[in-house]
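Subject: Handing over the model

Hi,

Here is the structure we talked about, with my notes underneath. Have a look and tell me what you think.

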There are 2 protein chains.
Amino acid sequence: MIELDFEKTGGLLPAICQDAETGEVLMLAFMNKESWEKTLETGMATYWSRSRQELWTKGLTSGNVQKVKEIRVDCDDDTILLKVEQIGGAACHTGHRSCFHKLVEGDKLTVVGEPVFDPKEVYKK
Amino acid sequence: MIELDFEKTGGLLPAICQDAETGEVLMLAFMNKESWEKTLETGMATYWSRSRQELWTKGLTSGNVQKVKEIRVDCDDDTILLKVEQIGGAACHTGHRSCFHKLVEGDKLTVVGEPVFDPKEVYKK
């Protein structure tokens, strides 16, 4: 198993998730050792939810799983880059394709693009 | 000034740096409020160095500054995405274009690509 420097930041490393085809950055989440190993084993992006304090296989609720196509690690072995196929077309819980849909324009944030799904429908909440 | 959620993680937010033209993810570093504001003011990517505990305008030593072309913020206002023009062609202190030059292949990491500069020459160390 590939050893990363989980000790550096108290056990959690940032993991960038990028669309393998388009290069669009979809989201950033955190991984602990367990989620890193589960991602390697299953080929499905699995993070550590800091708010829920539990293992989080992205898309188990919404169906929008992330199939891992390639994994890169940075020069310090403390940041992960996943290149994925995003099932369902959207990574963000708002229904937007990318979590990074807020653009800095002058001194305000402007939402860019439209949601590709209705969160109420997908999450049944 | 645009307010981000710096309180959430003790004052530091992850900032992804992506090549504005190619979409290649170049590096990830952290920003505190001061570095965020300095980045907005100067248009040069400025991070917080966790190891040196100081403001870090990327490239001041090597000359490889990052001119900010676009800034995105994520849905939770706690992650930053910079799209930059990387002066000097390389973001990584190893001389590689991207810090993410280690590819996961089976159970090992393989270095991909060649450095575009010699760190010894650039950093004079």
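**Strands first**

In chain A, β7(A) runs antiparallel to strand β8 (residues 108–111), and four bridges join the two. Strands here, at least two residues of E, are DSSP runs numbered from the N terminus, and two strands pair if DSSP finds at least two bridges between them. One facing pair is E105(A) and K108(A) in β8(A). The two strands make a hairpin with two residues between them, and G106(A) in the turn has a positive phi of about 60°.

β7(A) also reaches across to the other chain: two bridges join it, antiparallel, to strand β5 (residues 66–73) of chain B. There, L103(A) has R72(B) as its bridge partner.

Some housekeeping: this is a predicted model, so to speak of local features we need pLDDT of at least 70, side-chain atom pairs count only at pLDDT 80 or more, and totals for chains, interfaces and linings use all residues. Residues are numbered from 1 along each chain as its sequence is written, chains are lettered from A and ligands numbered from 1 in the order in which they are written, and side-chain values use heavy atoms, with hydrogens and water left out.

**The annotated cysteines**

UniProt puts a "binding site" feature at C75(A), C92(A) and C99(A). These cover 25 residues of sequence and are spread in space too, with up to 28.0 Å between C-alpha atoms. The positions follow the numbering used here, feature names are shortened, and such annotations may be inferred rather than shown by experiment.

Which residues does C75(A) touch? Leaving out residues up to four places away in sequence, C92(B), H93(B), T94(B), C99(B), H101(B) and K102(B), where contact means heavy atoms within 4.5 Å. C75(A) sits in the loop between β5 (66–73) and β6 (80–86) of chain A, and it counts as buried at 17% relative accessibility; the cut-offs are under 20% relative accessible area for buried, over 50% for exposed and partly exposed in between (1.4 Å probe, protein chains only).

C99(A), in the loop between β6 and β7 (102–105) of chain A, is buried as well, with a relative accessible area of 9%. With the same sequence exclusion, C99(A) touches L26(A), M27(A), C92(A), V73(B), D74(B) and C75(B).

**Symmetry**

A turn of 180° with a shift of 0.0 Å along the axis lays chain A on chain B with an RMSD of 0.0 Å (least squares on C-alpha atoms of residues with pLDDT of at least 70 in both copies). That is the relation of a two-fold axis. The same surface serves both copies, as 100% of the contact residues of chain A recur in chain B.

Cheers
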